[in-house]
Amino acid sequence: MRFVALLLLAICANAQTLQQAEAQWRAHDYTAARDTFKALVAAQPKNPEFRVRFGRLLLERFNTQDASDLFNEALEIKADYAPAMLGLAMVADQTFDNRAIQMTEKALEADPKLVEAREFQARLRLEDNDNKAAAQDAEAALAINPKAIDAMAILATLDLLNDIKETRWIPRILAIDPHYGKAWNTIAYFFVINRRYEEGIEYYRKAIALTPDLYEAHSELGINLMRLGREAEARQELELAFNNGYKDKATTNTLTLMDSYNRFSTFETNNTILKLNKKEADVLRPYFESEMKRAIATYEKKYKTHLSVPIQVEVYPDHEDFAVRTMGMPGLGALGVTFGTVIAMDSPTGRHPGEFHWASTLWHEMSHVYTLTITNHRIPRWFTEGIAVHEETAIDADWGDRLSPPVITAIRDKKLLPIAQIDRGFIHPSYPNQVIVSYYQAGKICDFISAKWSESKILDMVHDFTTMDSTEAVLKKELNISPEDFDKQFMAWLDPQVRKTVDSFKEWTGKMTTLNGYVKAKKWDEAIELGGQVRDMFPEYVEPANPYVALSTAYLAKGDKPKAIEQLAAYSRIGGRDPDTIKQLATLLEEAGKPKEAAAALERLNFIVPQDPDLHKRLGALLIAQSDYNGAIREFAAVLATKPLDQAGAHYDLGRAYFGAGKKAEALDQIEASLEAAPNFKPAQKLLLKLSTDSKN
Amino acid sequence: MGCRLKLLNRSLTVAALFASSLQATTFYVTVAGLGGEPDYEQRFASYATDMEKILTEKGGDIRVETFKGPTATKANVTAALTRVALAAKPQDAFVLMLIGHGSYDGEYKFNLPGPDISGAELATLLNKIPATRQLVVNMTSASGGSLDALKSANRVIITATKTGTEKNATVFARFWVEALRDPSADIDKNGSISALEAFQFADRKTKAFYEEQKRIATEHPQLQDNNKAGAFPVVRLTAATAVTDPAKQALQAKRDELESQIDQLKYQKALMPPDQYKSQLTKLLLELAKTQEEIDK
């Protein structure tokens, strides 16, 4: 039976040709093209070209897995078949996988005259912001084929990125193909990944003007309009793409996300727009708005820039919704992402309590708004990320990035990148966690510049990037140093800070296991002795199963509360974020008669788990006891915003905070609300009588 | 509809509180079953210990028996329930709280050291207890599988899971214990935590636990009979005292009348202009507060 089917396919294939398949593909008749390719592959199973072309069709039609399989099958037929290697490189580049670079290099080794591979290499270089190499590759492609139209598109992109508006390459492209909208599509893509969204949108429009049925451009235009908050037009473009069969994940998921916007509320002030999910808007709004305002005031002063439009922050409790916003973007984008003056970020409720400092992410992203605005989006990725990380620590030492095991390993294995190539670590990471390592390194570079030269040098460098495109030139101008010398000096500065931890990392790993074993076995003396050593080897380690908590547990078991407090306070100071641990510290501080310190410990949690009613209740009680009535009002209002079961208690607490602050009308409203819920609630009754007596006097 | 139920609940709660505090005994039997591993063993025992402490702290006419570790056998549980059946009178109240692991294969079983006890066996023992107000809080895994067997007209049943097929270890017990010692669980501020209030507290905390941990909820607590649960005080936060002074008895009657008027006003809220509602409510609340102040003098 199977033989007969194959025979039939072979007979059919006789009537079909590769040219037919390609023509059907060009005519957007993807089903027919697919069937023709299938027949061709069945008829000539040893032909790698059919498989690769079929794979390229599938890749374009969003079927990455089958495309990848076809490229691999082609390589099994012919191990050095360069177009198959190129196909795999294209698959890898869809997720900015570093193997894209390796496979392209292999393809060019196998066939140095494969123009498309040379053009693709130019594209990869440009993704890494290695403009010089990108230009060389594009020129090399043109040397092989003077009509290499995608190489011309790369050269046009380079001109336009460098603000050469009258590029000579566009007329040459149009002379070859007057309807080649893909050239503008390529240009737009690079403007978007360089965070120059407005110009990217403009170029997508040009692509569509030349090729109205280029639905990829319609989809990208829609996505980028949505990123900038222009939802009506975005929806129009996305639906046009979708209805014409362009149903990739980005298009589909973006439309789904836009459908979910009716679950969000928007709050506007003179300089902020905040979009929150309705289910958590009441709780989060005061905290987010307050931090947005504080960050704007700080950055306006520091960067000497006043934004002409409000900053928009969108907060997603469902991480998948947030992930839609970052689809197709290079870099980590795990917590927040900035599109011009629009920021999308995870909500603290979207993450496991303690793993996410939302305020740190907010300030990080807001710093991008300023550095991107000042440089008209010309700032290189490493520098805007470095400044953003540097700013986190500038606000509060416990907010910023700490030395972590992946970073230690990278330093130990000498994997930090030279400053001239650091962008590559963000865009095409060559090992797991390289993006994280690159954030750390970029942040430390900014710390170094601030320490060795001055904080204002950072600002000067930011301004330089408005007109200069290379890190090398800016380093020379502001710091009078070559990239190579900078790298040497930076490592000499960093080394003493990390050397001890890096050298003892292996020993630390082993001893941590022993320490946790001691704690489990309740061997408190041994835990205390070893805990101190382990802690001092790697003081920044405050993640789960850290020595601070182990030590505090041991000290508490031995009844030594002051020393337990000492350990937990250090944990909190360094940046430990586990809510239960910090609440334990607050409890111990309260027991030790230190309510002010207890309140300060809990205040940190507002930046980590603002959705926690227990936190607000405890903090409110501590603040009211210290006569900080405005703080107590904020906290008790947050309790009410969580819609607690105990409405009477929550309204009463807020009422007494208002009463303390002298806001008697507000206090009366709250006390009546409390008694409406529980008419016999005696503390509320007493306050009602007092308010009533006061109003008569 | 919601308002009417709430109104009814409150009147019943007050009535029941007085009935149970002044004339009746409440019998509590708590069983922490087989843990299977040290962590669970310790956790279950500690919940049972905490429960006993909470129940006995405020005194009152109560009898508390707690079984945990090796004492939580089927024989001991059977004997304890038989003792209650012999001692209890119709006006008394009875509370059974089960902590630990359960299983369900068409029939619910509570895992104990030695032989397990089935839902049907528990029901037989409970049916012999003459107390007309009974509460069973089954906090084990698969406890939803015991609902049918334990069902009775005079019994409020709370389970940690919706069905017998929710077989993972539960967290509900932790929050039930928390509910009984947290004054904020006393939603109506009447000085006692009812079965309904404790259930609502623990149910919400259980849901929040799974949401925070980003885990699929493997338990969905159930409560059978909201009305009775609202009128079933599980633990008292303040000691009840009998009033014999006729003047105070008159004030109490006035207080009850004012409470009733407030309930009626709240029932009318949706039909009244907001200003009118607020001014009438303020007046009544103030009067009630003054009356209470007089009573407390």
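This passage walks through a predicted model, going from the contact between its chains to a few local features of each.

To start with the interface, 23 residues of chain B are in contact with 18 residues of chain A. On the chain B side, three helices each put in at least two residues: α7 (195-212), α9 (246-268) and α10 (274-296). Of these, α10(B) gives the largest share, with nine residues. As for chemistry, the side of chain B that touches chain A splits into nine charged, eight nonpolar and six polar residues.

Chain B itself is divided into domain 1, covering 2-236, and domain 2, covering 246-296. Between the C-alpha centres of these two domains of chain B there are 34 Å.

Staying with chain B, strand β7 (residues 133-138) is worth a look. This strand is mostly covered, with six of its six residues buried. Side chains in a regular strand alternate between the two faces of the sheet. In β7(B), one set pointing the same way is R133(B), L135(B) and V137(B), while Q134(B), V136(B) and N138(B) point the other way, and all are buried. There is a pairing partner in β3 (residues 93-99) of chain B, which runs parallel to β7(B) over six bridges; here N138(B) in β7(B) sits opposite L98(B). Another parallel partner is strand β8 (residues 155-159) of chain B, joined to β7(B) by five bridges. In that pairing, Q134(B) has R155(B) of β8(B) as its bridge partner.

Chain A has an open sheet of five strands with mixed pairing, and the order reads β1-β2-β3-β5-β4. At the edges stand β1 (264-268) and β4 (336-339) of chain A, each with a single partner strand, so one side of each has no neighbour in the sheet. On average, neighbouring strands of this sheet are turned by 15° against each other, ignoring direction. At the β1 edge, β1(A) pairs with strand β2 (residues 272-277) of chain A in the antiparallel sense, over five bridges. One residue pair to pick out is F267(A) with its bridge partner L274(A) in β2(A). A helix goes with these strands too: α18 (residues 319-326) of chain A lies across β3 (311-316), β4 and β5 (342-346) of chain A, and runs at about 145° to β5(A).

Elsewhere in chain A there is a helix pair to consider. Two packed helices are described by the angle between their axes and the distance between the axes. For α21 (residues 405-412) and α26 (residues 483-503) of chain A, the axes come within 10 Å and cross at roughly 95°. Since angles of 65 to 115 degrees count as roughly perpendicular, α21(A) and α26(A) are therefore roughly perpendicular to each other. On the α21(A) side the contact involves I408(A), I411(A) and R412(A), which meet V498(A), T501(A) and V502(A) in α26(A). By class, this contact of α21(A) with α26(A) has four nonpolar residues, one polar and one charged.

Last comes a single residue, L255(A), found in helix α16 (residues 249-259) of chain A. L255(A) has 21 C-beta neighbours inside 10 Å, and because the cut-off for buried is 20 or more, L255(A) counts as buried. Beyond its neighbours within four places in sequence, L255(A) is in contact with L238(A), E239(A) and F242(A). Looking further along the chain, G222(A) is 33 residues away from L255(A), and their C-alpha atoms are separated by 9.5 Å.

Note on methods:
Residues are numbered from 1 along each chain as its sequence is written. Chains are lettered from A and ligands numbered from 1 in the order in which they are written. This is a predicted model: local features need pLDDT of at least 70, side-chain atom pairs count only at pLDDT 80 or more; totals for chains, interfaces and linings use all residues. Two residues are in contact if their C-beta atoms, placed from the backbone, lie within 7 Å. Helices (H or I, at least four residues) and strands (E, at least two) are DSSP runs, numbered from the N terminus. Ala, Val, Leu, Ile, Met, Phe, Trp, Tyr, Cys and Pro count as nonpolar, Asp, Glu, Lys and Arg as charged, and the others, Gly among them, as polar. Axes are lines fitted to C-alpha atoms, for helices over the stretch in contact, and angles run from 0 to 180 degrees between N-to-C directions. Angles under 35 degrees count as roughly parallel, over 145 as roughly antiparallel, 65 to 115 as roughly perpendicular and the rest as oblique. Two strands pair if DSSP finds at least two bridges between them. Domain bounds come from an automatic or database domain assignment. A residue is buried if 20 or more other C-beta atoms lie within 10 Å of its own, exposed if 12 or fewer, and partly exposed in between; C-beta atoms are placed from the backbone.
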